[in-house]
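Please open the structure in your viewer and keep the selection panel at hand. The tour proceeds by selections, each followed by a short account of what is to be found there.

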Amino acid sequence: MDFASAAPSVVKSIRQRDLLNTWLRLYARQQIAPAVWEYQPARLEEELFDLIYYTVDVSTPAPRLTIQSENTRISRAYGHTGKGVLLDDYLGPRLAPFVMPVYYECVARGLPVYSVADVDDIYGRIVAYERLLLPFQTGGQVCHVIASVKTFCEDGGFEIKNLMRGNDALPRPKLRAVIDRDLFHRAPGRIATADVVEFADQPAPGVTNEIIELN
């Protein structure tokens, strides 16, 4: 599946949008991916269970991503933790062709990548697997990636244990997009047209002009 060009609005999850908006505020300063140590989104502790941190080695023809997180929710979906393991080895030959291109695109472009795939749990229920990848650089090279993974089932509950390995059905990609448009974050609720609004050029007798200052 080819990668589409998308704006930040392509991301569905509110929590993932919050993570992306924090990245965008840092990116907007110089139009390059920020350093990972700068990235401190609000309520980060609440999201850690759904985040996977990777280090990236770009000295080889294909980037090598090493898992730095453990005991994440998604490790249950794969059946075991993978801290210290190369991502392609962790995925194995069956899943790597479906997953690795998304990470390679993120590293190559230095931009967020968002993907959605349908997977079946062990009871055959369809689960939407939404992945947001955020790149971080030092010295002009991407050296870290943070992945946020959300799972959703329209039928309600589902079994996350061994979600990615528990049956013979492979993931069915629905969307792969590079977020390369509208790379800024505008805080809501700000009136930007004027600082002063004036009413009544010709006041009625005994009534003075009224000026309202917007702070």
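How many bridges join strand 4 to strand 7, and do these strands run parallel or antiparallel? Select both strands to find the answer: 6 bridges join them, and the two run antiparallel. Please bear in mind throughout that this is a predicted model.

**The whole protein**

Display the whole chain as a cartoon. The protein has 4 helices and 9 strands. Followed from the N terminus, the elements come in the order β-α-α-β-β-α-α-β-β-β-β-β-β. Of the 215 residues in the protein, 44% are buried. Now switch on the surface: the accessible surface comes to about 12000 Å², and carbon and sulfur atoms account for 51% of this area. Among contacts in the protein with a separation of 6 or more, 59% are between residues 24 or more positions apart.

**The sheet**

Hide the surface and colour the strands. An open sheet is formed by 7 strands in the order 1-7-4-5-6-2-3, with mixed pairing. Strand 1 (4–6) and strand 3 (64–67) stand at the edges; each has a single partner strand, so one side of each is left without a neighbour in the sheet. On average, neighbouring strands of this sheet are turned by 30° against each other, direction ignored.

Begin at one edge by selecting strand 1 and strand 7. These strands run parallel and are joined by 3 bridges. Select Ala 4, and Ala 177 in strand 7 will be found opposite. Then move to strand 4, where Asp 118 has Arg 172 of strand 7 as its bridge partner.

Next, go to the other edge. Strand 2 (residues 51–57) pairs with strand 3 in the antiparallel sense, over 4 bridges. Here Asp 57 has Arg 64, in strand 3, as its bridge partner.

**Helix 1**

Select residues 14–27, which form helix 1. This helix lies across strand 2, strand 4 (113–120), strand 5 (126–138), strand 6 (141–152) and strand 7 (172–179), and runs at about 15° to strand 5. Its 14 residues, at 1.5 Å a residue, should span 20 Å; the end C-alpha atoms are 20 Å apart, which agrees.

Which residues of helix 1 are buried? They are Gln 16, Leu 19, Leu 20, Asn 21, Thr 22, Trp 23, Leu 24, Leu 26 and Tyr 27. Show their side chains: the buried residues of helix 1 pack against helix 2 (44–47), strand 2, strand 4, strand 5, strand 6 and strand 7.

Select Ser 148 next, which lies in strand 6. Ser 148 is buried, with a relative accessible area of 2%. Leaving out residues up to four places away in sequence, Ser 148 touches Gln 16, Leu 19, Asp 50, Leu 51, Glu 130, Arg 131 and Leu 132.

**The nonpolar core**

In soluble globular proteins, nonpolar side chains tend to be buried together. In this model, the largest nonpolar core has 54 residues, and those with the most contacts inside it are Trp 23, Tyr 54, Tyr 78, Tyr 103 and Val 145. Helix 4 (residues 87–109) contributes the largest share of this core, 11 residues.

Centre the view on Tyr 54. Apart from neighbours within four places in sequence, its contacts include Leu 65, Ile 67, Leu 87, Tyr 103, Cys 143, Val 145 and Ala 147.

Continue to Met 100, which lies in helix 4. Is Met 100 buried or exposed? Its relative accessibility is 4%, so Met 100 counts as buried. Not counting residues up to four places away in sequence, Met 100 touches Leu 65, Leu 87, Asp 88 and Leu 91. Display the C-alpha atoms of Met 100 and Ala 62: these residues are 38 residues apart along the chain, and the two atoms are separated by 9.9 Å.

**Two residues in a loop**

Most residues other than glycine have a negative phi. For the last stop, select Gln 31, in the loop between helix 1 and helix 2. Gln 31 is not a glycine, yet its phi is positive, at about 60°. With a relative accessibility of 45%, Gln 31 counts as partly exposed.

Arg 43 also has its place in the loop between helix 1 and helix 2. The phi of Arg 43 is near 55°, again a positive value in a residue other than glycine. Arg 43 is partly exposed, with a relative accessible area of 45%.

Key:
Residues are numbered from 1 along each chain as its sequence is written. This is a predicted model: local features need pLDDT of at least 70, side-chain atom pairs count only at pLDDT 80 or more; totals for chains, interfaces and linings use all residues. Side-chain values use heavy atoms; hydrogens and water are left out. Two strands pair if DSSP finds at least two bridges between them. Axes are lines fitted to C-alpha atoms, for helices over the stretch in contact, and angles run from 0 to 180 degrees between N-to-C directions. Contact means heavy atoms within 4.5 Å. A nonpolar core is a set of buried Ala, Val, Leu, Ile, Met, Phe, Trp, Tyr and Cys residues joined through side-chain atoms within 4.5 Å. Buried means under 20% relative accessible area, exposed over 50%, partly exposed in between (1.4 Å probe, protein chains only). Accessible areas come from the Shrake-Rupley method with a 1.4 Å probe; for residues, only the protein chains shown count as cover. The expected span of a helix is 1.5 Å times one less than its number of residues.
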